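Here are my notes on the structure you sent over, as a list of numbered points. Have the model open while you read, and click along as you go.

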Amino acid sequence: MPEKIIALLGSPVRGGNTAYLFNKAVKGAEAEGCEVEKVMVPSLNFQPCMEILHCMAHEDCQMQDDLTPYYQKFREMDGLIIATPIMTMGIPGKLKSFMDRFQVFYMAKYMRNNSFITPEHRARRKTLFICISGMDLPDNFAGALQTTRAFCEIIDCPYWDGVFQRDMDHVRDIRTRPEVVEAAYEKGKELCRLVRRED
């Protein structure tokens, strides 16, 4: 069976610049032979974490909604792609709420010392992060990167590499940066190669 990658799009604009890079990375991973499930996070119907703390002693979340199936899918996946714009110097709200709901993984790993992911599986799981920002500041991506790295550790799918483009307020169309578009495609291919099982 092909390796499984989940790809999260954090932008609500399906035809926008973030989505364009997202789709290039997905095509790269698929071209290399991986199976990719695309998830349009802003379109999912779910509530943010309400700190019910049911997951402190259980392997599931008491809240049942569109996010529920992803707990099992995140256990099974071999790699992750996250693509998002910067909003208010960080991860957009719906994507951040998606990440916050993975307290289910946090409690298993850090409170019960029984991660859902085996050490062997973690060793080849990796995350590719794609991020664009309107402004051109030296620390544009610092907040989003810190959040993403923390999330990746919680789910035992470590941050591997990223594709970044700042100053989109002036660039406007990511297609005028073919080197960035190519990087997204090639990183998608490389991610698939890296998560591949050894027969």
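1. Let's start with E37, and keep in mind that this is a predicted model. E37 has a relative accessible area of 26%, so it counts as partly exposed. Its partner is K73: the two side chains meet in a salt bridge, with 2.8 Å from N to O. K73 is partly exposed as well, because its relative accessible area is 28%.

2. Where do K73 and E37 sit along the chain? K73 belongs to helix α2 (residues 69-76) and E37 to strand β2 (residues 35-40), so far as the assignment goes. With their positions 36 residues apart, the pair links distant parts of the chain.

3. A second pair worth clicking on is D136 and R166, whose side chains form a salt bridge at 3.5 Å, N to O. This one also links distant parts of the chain, 30 residues apart. D136 is in the loop between β4 (126-132) and α6 (142-154), while R166 is in the loop between β5 (159-165) and α7. D136 is partly exposed at 48% relative accessible area, and R166 is partly exposed at 28%.

4. For a local pair, go to helix α8 (residues 178-195), which holds both K187 and E190. They are three residues apart, about one turn of the helix. Their side chains meet in a salt bridge with an N to O distance of 3.9 Å. E190 is partly exposed, with 28% relative accessible area.

5. How many salt bridges are there by this rule? The count comes to 16. Beyond the pairs above, have a look at E3, D78, R124 and R197, which are linked in a network of salt bridges.

6. Now the pockets. The largest pocket holds about 220 Å³ of space. It is lined by 13 residues, and those closest to its centre are N17, P85, I132, M168 and R172. Helices α1 (17-31) and α7 (168-171) each give at least two residues to the lining. By class, that lining has five nonpolar, six polar and two charged residues.

7. The second largest pocket has about 170 Å³ of space. Of its 15 lining residues, C49, E51, I52, L53 and C55 are the closest to its centre. Helix α4 (residues 103-111) provides the largest share of the lining, three residues. Which classes make up this lining? Ten of the residues are nonpolar, three are polar and two are charged.

8. L53 turns up again on the surface, in a nonpolar patch with M56, Y110 and M111. Together the four have about 370 Å² of accessible area. Y110 is part of helix α4. Is Y110 buried or partly exposed? Its relative accessibility is 38%, so it counts as partly exposed.

9. Two residues in the loop between β1 and α1 make a nice contrast. G16 is found in this loop, between β1 (4-9) and α1, and counts as buried because its relative accessibility is 17%, under the 20% cut-off. P12 has its place in the loop between β1 and α1 too, but P12 is exposed at 59% relative accessible area, over the 50% cut-off.

10. Some distances, if you want to get your bearings. From G16 to E51 it is 34 Å in space, C-alpha to C-alpha, for 35 residues in sequence. P12 and L80 are 68 residues apart in sequence, and their C-alpha atoms are 19 Å apart. E51, as noted, is one of the residues closest to the centre of the second largest pocket.

11. Finally, two backbone angles to check. N113 is not a glycine, yet has a positive phi of about 55°. N113 lies in the loop between α4 and α5 (119-122), and counts as exposed because its relative accessibility is 67%. D167 is also a non-glycine with a positive phi, about 65° in this case. The place of D167 is the loop between β5 and α7, and R166 from point 3 is in the loop between β5 and α7 too.

Note on methods: Residues numbered from 1 in each chain as written. Predicted model: local features only at pLDDT ≥ 70, side-chain atom pairs only at ≥ 80, totals over all residues. Heavy atoms only, no water. 1 Å grid on protein atoms, 1.4 Å probe; cavity = no way out; pocket = protein on both sides within 12 Å on 5 of 7 lines; lining within 4 Å. Points joined across faces, edges and corners; volume = space filled by probe spheres on them. Helix = DSSP H or I, 4+ residues; strand = E, 2+ residues; numbered from the N terminus. Nonpolar A, V, L, I, M, F, W, Y, C, P; charged D, E, K, R; others polar. Patch = residues over 30% accessible without salt bridge, like charges linked within 9 Å, V, L, I, M, F, W, Y side chains within 5 Å. Areas by Shrake-Rupley, 256 points an atom, 1.4 Å probe, with all protein chains shown as cover. Buried < 20%, exposed > 50% of the residue type's maximum accessible area, 1.4 Å probe, protein only.
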